[in-house]
Amino acid sequence: MHLFDALSDRLTSVFDRLSGRGVLSEKDIDEAMREVRVALLEADVALPVVRQFIDKAKERATGEAVIRSVKPADQVIKITYDGLVEMLGGDGEPEGLRLSANPPTVILMSGLQGSGKTTTAGKLALRLSKERKKVLLASLDTRRPAAMEQLAMLATQAGVDSLPIVPGQSAPDITRRALQAARLQGYDVLILDTAGRTTLDEAMMSEAAEIAKISNPSETLLVADALTGQDAVRTAKAFHERLPLTGLVLTRADGDGRGGAALSMRAVTGLPIKFLGVSEKIDGLDAFDAHRVAGRILG
Ligand code: GDP
């Protein structure tokens with residue numbers, strides 16, 4: 001995961017300077033928080049998210065208890081850490097996937113073309129199959145036969161089944177066929193890979209919404225490319241208006257862009273980040289853990 005390296009370097013140097021001070025005045029803390037603010041903005045964290053973070057952190061950090069404590073700098077670091085964890089979705093255990101008590105569980109994958117949606121469908125299939133779930137993958141990308149074949153190849157790599165391709169069927173028809181196959185053949189999980197487009201597009205959205213209606217998914221995940229910065233945040237907001245999204249997957253966390261958009265995602269959309277894509281390989285998917293990410297940023 002390199003996405004947060006630059007931010008991590010910046011924050012580490014702010015806090016190193018602060019630790020060198022020993023006793024801290026309110027002014028020292030103000031100054032450090034100003035630098036944290038600039039670091040977050042330069043990392044591309046959305047402005048309202050930064051504002052809220054800094055207001056809260058400042059309030060906590062300028063309390064008497066911090067200033068009078070033996071190691072005030074450590075307290076400020078702890079407050080920043082807690083603020084980052086909160087920004088990333090709070091204290092709970094990583095949420096993982098919600099599986100239906102009534103199999104087959106349907107997982108609907110949505111996102112722009114190129115976001116890593118199909119690859120992520122394969123990664124999830126591998127993950128679930130390692131948990132001994134019987135998984136069926138089905139591609140609904142009727143306009144791109146290559147995408148259908150790509151999903152079939154990923155299924156083979158993951159050691160799971162994919163729905164046989166029948167040329168000429170519409171996406172809703174494939175969905176119905178996939179649901180029936182999953183029910184009749186005793187699959188635990190059906191992963192539906194909807195068609196993406198390169199830009200936000202009404203036809204893509206309404207097709208995905210229709211598929212969601214037909215298939216009643218337990219999880220509707222939006223896959224977004226973390227390297228596209230605030231565009232990824234805008235994409236997530238637009239999809240969330242049209243689809244009953246239950247979570248986010250951020251891909252290319254192994255790339256070294258600015259990680260701030262990823263940090264803003266949860267606060268802006270209210271949706272939990274469930275997984276991070278960390279390589280092109282089929283096992284390159286990590287369960288998202290707010291503590292782990294905050295720890296890396298301040299590490
Ligand atoms: P789709 O059009 O959204 O289905 O995108 P694909 O799944 O075809 O992925 C597009 C490209 O991104 C492929 O070359 C993938 O191997 C690559 N990719 C997907 N996820 C990740 C990731 O987490 N990290 C890296 N480095 N590459 C990824």
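**Entry 1: the largest pocket**

I looked up which element gives the most to the lining of the largest pocket, and I found H6, with three residues. I note here that the model is a predicted one. I then read the volume of the largest pocket, which is about 290 Å³. The lining is made of 16 residues, and those closest to the centre of the pocket are Thr 119, Lys 123, Arg 252, Ser 279 and Glu 280. I also recorded that H6 and H7 are the elements that give two or more residues to this lining. By class, I entered three nonpolar, nine polar and four charged residues for the lining of the largest pocket.

**Entry 2: the ligand**

Where does the ligand sit? I found the ligand in the largest pocket. I listed the residues around the ligand, 18 in number, and noted that Gly 114, Thr 118, Thr 119, Arg 252 and Asp 254 come nearest. Helix H6, which covers residues 117–130, gives the most to this shell, with four residues. H6 thus appears twice in my notes, as it also gives the most to the lining of the largest pocket. I sorted the shell around the ligand by class and wrote down two nonpolar, 10 polar and six charged residues.

**Entry 3: backbone atoms beside the ligand**

I next looked up distances from backbone N or O atoms to oxygen atoms of the ligand. For Gly 114, the distance is 2.6 Å. For Ser 115, a backbone N or O atom lies 3.1 Å from a ligand oxygen. For Lys 117, the corresponding distance is 2.8 Å. I then recorded how much of the ligand is covered: the protein covers 81% of the 580 Å² of accessible area that the ligand has on its own.

**Entry 4: the largest cavity**

I turned to the cavities. Rolling a probe the size of a water molecule over the atoms shows where empty space is left. How many cavities of 30 Å³ or more does the structure hold? I found one. The volume of the largest cavity is about 100 Å³. I counted 13 residues in its lining, with Ser 139, Met 148, Leu 163, Pro 164 and Ile 165 nearest the centre of the cavity. Strand E2 (135–139), helix H7 (145–158) and helix H8 (171–184) each supply at least two residues of this lining. I noted that H7 had already been entered for the lining of the largest pocket. The classes in the lining of the largest cavity are 10 nonpolar, two polar and one charged.

**Entry 5: two backbone details**

I finished with the backbone. Most residues other than glycine have a negative phi, and most peptide bonds are trans. Is the peptide bond from Pro 103 to Pro 104 cis or trans? I found that this bond is cis, with omega near 5 degrees. I located Pro 104 in the loop between helix H5 (72–87) and strand E1 (105–110). I also looked up Asp 44, which is not a glycine and yet has a positive phi of about 85 degrees. Asp 44 belongs to the loop between helix H2 (26–42) and helix H3 (47–61).

How values were computed:
Residues are numbered from 1 along each chain as its sequence is written. This is a predicted model: local features need pLDDT of at least 70, side-chain atom pairs count only at pLDDT 80 or more; totals for chains, interfaces and linings use all residues. Side-chain values use heavy atoms; hydrogens and water are left out. A residue is near a molecule or strand if one of its heavy atoms lies within 4 Å of it. A polar contact is a pair of N or O atoms within 3.5 Å; within protein, one must be able to donate a hydrogen and the other to accept it, and residues adjacent in sequence count only if both atoms are side-chain atoms. Accessible areas come from the Shrake-Rupley method with a 1.4 Å probe; for residues, only the protein chains shown count as cover. On a 1 Å grid over the protein atoms alone, a cavity is a set of points where a 1.4 Å probe fits but cannot get out, and a pocket is an open set with protein on both sides within 12 Å along at least five of seven lines; lining residues have an atom within 4 Å of a point. A molecule sits in a cavity or pocket if more than half of its atoms lie within 2 Å of its grid points. Ala, Val, Leu, Ile, Met, Phe, Trp, Tyr, Cys and Pro count as nonpolar, Asp, Glu, Lys and Arg as charged, and the others, Gly among them, as polar. Grid points are joined across faces, edges and corners, and a volume is the space filled by probe spheres set on the points.
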